[in-house]
Amino acid sequence: MVQKSKLVAEHGKTEEDLPVAQVLAYFNIRFTLRGRNDAWALCPIHEESTPSFHIDLKRGAWFCMGCQQGGGLEDFVTRLVHDPMAAIGVIHRARSMPVPQAVEDSEEAWKSYVSVDPASAWHRFYKVNWMDLPKEVPAVAYLLGRGFKRETLLAFDVRFTEWAEYPVVFQINDGEKIVGYQRRRVDGGEPKYLYNRGFDGANHVAYYCVDPGSPCLVVEGVLDLMMAAQHGMRRVAALLGWRLTPAKVLLLSHLGCESFVWATDNTPTGEDGYGQAKEIIGAKRTKRFEFPLHRKDIGELTESEFKVGMPTWR
């Protein structure tokens, strides 16, 4: 028999007040319903390919038929964060998160979402304090493993969705407004990215600038842009790919960029992108970022490697 929740007993909450669905979203656990409140998911305690973990979304009682373990909500969270006091804190923080819905097909649900006004729709996604999230959360482990500082994630307002396949959401800001969103997988699956419905990457760049007079570093992706900013670059444009299009050339011109350091990936296509830039923008206005041989993109560089790779302008 599952004991009454400690949170219920100590804080006078009813079992219906427990933020069970929000806790699942906090740990990026995607679930489906097999009854009104019976949520099923892959067990986060042991590896499995078929969901055997289920939890009552009202009472927080859970049981996994695979590992034959069960208990209440605090016990469940404690097993994930390995600290009873931290578990209570996680539950309290989860209470402020939006209540997620069970999603049968997250990719289709995402693609069917129509964002007429991306700036106002940004509030649809979870705004989280990255300084508080435990490193056991898969999205946190992934981004910290990529070398990002929590302060950088806060500065760029990186957000969450409730869907486990693509849990991290980056805004695409063109320097004036949010023009779209990009979601990222953290489990190595493909495709790695999804954009919101109607977004055309051929017609947009992501832009970051705190010094309009400095050369503009051109990278491929949003993660590259964020890492370059973390390394101290004061003006960065992400092409959302390696290829220049007429629309992107026009955008870079409107942004007032006069000189460029081309840091598309250290790959054959990235080199093709630099060649294209020299033809379209001009060889005198572009210089190639000097990657170490063993590094593929800006996101893989240490701060010292980044500084060495930056060319000088004379």
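**Reading salt bridges and a hairpin**

Mentor: Let us begin with E303, which is partly exposed, its relative accessible area being 36%, and let us keep in mind throughout that this is a predicted model.

Trainee: With which residue does E303 meet in a salt bridge?

Mentor: Side chains of opposite charge can pair when their charged atoms come close. Here the side chain of E303 meets that of K307, with 3.6 Å from N to O, and K307 is exposed, with a relative accessible area of 54%. Because the two residues lie four apart in helix α12 (residues 303-309), about one helical turn separates K307 from E303.

Trainee: How many salt bridges does the count come to, and which residues are linked in a network?

Mentor: The count comes to eleven salt bridges, and D265, K296 and D297 are linked in a network of them.

Trainee: Is D174, which forms a salt bridge with K177, buried or exposed?

Mentor: Burial is read from relative accessible area, with under 20% counting as buried. D174, at 14% relative accessibility, therefore counts as buried, whereas its partner K177 is partly exposed at 46%; the closest N and O atoms of this pair are 3.4 Å apart. R185 likewise counts as buried, at 15% relative accessibility, and forms a salt bridge with D187 in which the closest N and O atoms are 2.9 Å apart.

Trainee: How should I read the pairing of strands, and with which strand does β7 pair over six bridges?

Mentor: One follows the bridges from strand to strand and notes their direction. Strand β7 (residues 168-173) pairs with strand β8 (residues 178-184) in the antiparallel sense over six bridges, and within this pairing I172 stands opposite G180 in β8. Strand β6 (residues 159-160) is also joined to β7, by two bridges and again antiparallel, with R159 having V169 in β7 as its bridge partner.

Trainee: Which residue takes a positive phi in the hairpin of β7 and β8?

Mentor: That residue is G175, whose phi is near 100°, in a hairpin that has four residues between its strands. As for cover, β7 is mostly covered, since five of its six residues are buried.

Trainee: What share of the whole protein is buried, and how many helices and strands does the protein have?

Mentor: Buried residues make up 49% of the 314 residues, and the protein has twelve helices and 14 strands. The protein exposes about 15,200 Å², of which carbon and sulfur atoms supply 52%.

Terms used:
Residues are numbered from 1 along each chain as its sequence is written. This is a predicted model: local features need pLDDT of at least 70, side-chain atom pairs count only at pLDDT 80 or more; totals for chains, interfaces and linings use all residues. Side-chain values use heavy atoms; hydrogens and water are left out. Buried means under 20% relative accessible area, exposed over 50%, partly exposed in between (1.4 Å probe, protein chains only). Accessible areas come from the Shrake-Rupley method with a 1.4 Å probe; for residues, only the protein chains shown count as cover. A salt bridge is a side-chain nitrogen of Lys or Arg within 4 Å of a carboxyl oxygen of Asp or Glu. Two strands pair if DSSP finds at least two bridges between them.
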